[in-house]
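I opened this entry to keep track of what I looked up in one structure. The notes go from the whole chain down to single residues.

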Amino acid sequence: SNLTVANATPGQTNTLSLNTGSISPSSTLYILRNFTLGSGGALSINSSALEVLGLSGGGFTSDGTVTLSGGTFTATNTSGAATAIGSTGSGRFNLNSGLARFYNLTLGSGVGSAGTFNQLGGVNNTLGSLTLANQSLANQSSASGTYNLTNGSLSVGISLLLGAAGATGSSATFNQVGGDASVSGSTLVGTDLNQSAQFLLGGGTFNGFSMQVGAGPNASGSYT
């Protein structure tokens, strides 16, 4: 099954609201293949559960707004497809509390897209890689990706990439002012030409296996 939530009328929003008060398997909304949150679409989860199984190459893409305030959101995608916040437009994920689980998570995945993840609490468990800004078409509008960690915990199983390889001219910012973040593999800040990649640590704790700033030829990045 596929599900799309969107609204093409400017200034209007269609919202899928889950507020069952239970996160048991019997009350979980399962989406078998693709879940698309388009422009003008919103998802609100409060003490409920949603899981995108991602069968047959499916997964979750969002150019709308997700707000998780208790409960669980799962998009580990059996196909291995990345979850894209900001696919062709602007997408936002607000994690206030609860548990968000992903396989690979990309913020700003397409040409000219923008993806933002605001974590005010709760847990983000990304099993694979977290990528901020990922587009690889030359001479096209660049992507941007921003992760704001204020409180809660972030766990990344493989790598944290601020500007993917090939994403020329992209903009990536990881801004941590509180909470706890851990990366089991490498953290790369700036991996390609003309990227603006910033890692800002103003509070909280960050633990990583290794960090490289300006990881690619002629790449630029900053850590403050």
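The entries below begin with the overall picture and then take residues one at a time.

**Entry 1: the whole chain**

I noted at the outset that this is a predicted model. I looked up the secondary structure and found 0 helices and 20 strands. The protein has 224 residues, and 45% of them count as buried. I then checked how far apart in sequence the contacting residues are. Among contacts with a separation of 6 or more, 73% join residues 24 or more positions apart. For the surface, I read an exposed area of about 9000 Å², of which carbon and sulfur atoms supply 49%.

**Entry 2: the core**

Which residues have the most contacts inside the largest nonpolar core? They are F73, F93 and F174, in a core of 39 residues. Strand β18, residues 171-189, gives this core its largest share, 5 residues.

I listed the partners of F73, leaving out residues up to four places away in sequence. F73 touches L43, I45, L50, F60, L68, F93, L99, A100, R101 and F102. F93, named above for its contacts inside the core, is thus also a partner of F73.

**Entry 3: F60**

I followed F60 next, as one of the residues that F73 touches. F60 lies in strand β7, which covers residues 60-62. Is F60 buried or exposed? F60 counts as buried because its relative accessibility is 0%, and the cut-off for buried is under 20%.

Not counting residues up to four places away in sequence, F60 touches F35, L37, V52, V66, F73, A75, N77, A82, T83, A84 and I85. I also took a C-alpha distance for one of these partners: F60 and I85 are 25 residues apart along the chain and 8.4 Å apart in space.

**Entry 4: T106 and N104**

T106 is in strand β11, residues 105-107. With a relative accessible area of 7%, T106 is buried. Leaving aside neighbours within four places in sequence, I found T106 in contact with A82, T83, A84, I85, T131 and N134. A82, T83, A84 and I85 also appear among the partners of F60.

N104 sits in the loop between β10 (90-102) and β11. What does the side chain of N104 have 2.8 Å from one of its polar atoms? It is the backbone nitrogen of S129. I also noted that the C-alpha atoms of N104 and S159 are 9.7 Å apart, with their positions 55 residues apart in sequence.

**Entry 5: N118**

N118 belongs to strand β12, residues 114-119. I found N118 buried, at a relative accessible area of 16%. Its side chain makes a polar contact with the side chain of N148, at 2.9 Å. Not counting residues up to four places away in sequence, N118 touches R92, F93, N94, L95 and N148. F93 links this entry to Entry 2, where F73 touches F93 as well.

**Entry 6: loops**

I looked for positive phi values outside glycine. S47 has phi near 55° and lies in the loop between β5 (41-45) and β6 (48-52). S47 counts as partly exposed, at 31% relative accessibility. S56 also has a positive phi, of about 55°, and is placed in the loop between β6 and β7. At 65% relative accessibility, S56 counts as exposed.

L32 is in the loop between β3 (29-31) and β4 (35-37). L32 is partly exposed because its relative accessible area is 37%, which falls between the cut-offs of 20% and 50%. Not counting residues up to four places away in sequence, L32 touches S1, L53, G54 and L55. I took the C-alpha distance from L32 to G59, 27 residues away in sequence, as 8.8 Å.

**Entry 7: a surface patch**

Which residues form a nonpolar patch on the surface? I found M211, V213 and Y223, with about 260 Å² of accessible area together. Y223 is in strand β20, residues 221-223. At 44% relative accessibility, Y223 counts as partly exposed.

Note on methods
Residues numbered from 1 in each chain as written. Predicted model: local features only at pLDDT ≥ 70, side-chain atom pairs only at ≥ 80, totals over all residues. Heavy atoms only, no water. Patch = residues over 30% accessible without salt bridge, like charges linked within 9 Å, V, L, I, M, F, W, Y side chains within 5 Å. Areas by Shrake-Rupley, 256 points an atom, 1.4 Å probe, with all protein chains shown as cover. Salt bridge = Lys/Arg side-chain N within 4 Å of Asp/Glu carboxyl O. Helix = DSSP H or I, 4+ residues; strand = E, 2+ residues; numbered from the N terminus. Buried < 20%, exposed > 50% of the residue type's maximum accessible area, 1.4 Å probe, protein only. Core = buried A, V, L, I, M, F, W, Y, C linked by side-chain atoms within 4.5 Å. Contact = heavy atoms within 4.5 Å. Polar contact = N/O pair within 3.5 Å; in protein donor to acceptor, adjacent residues only side chain to side chain.
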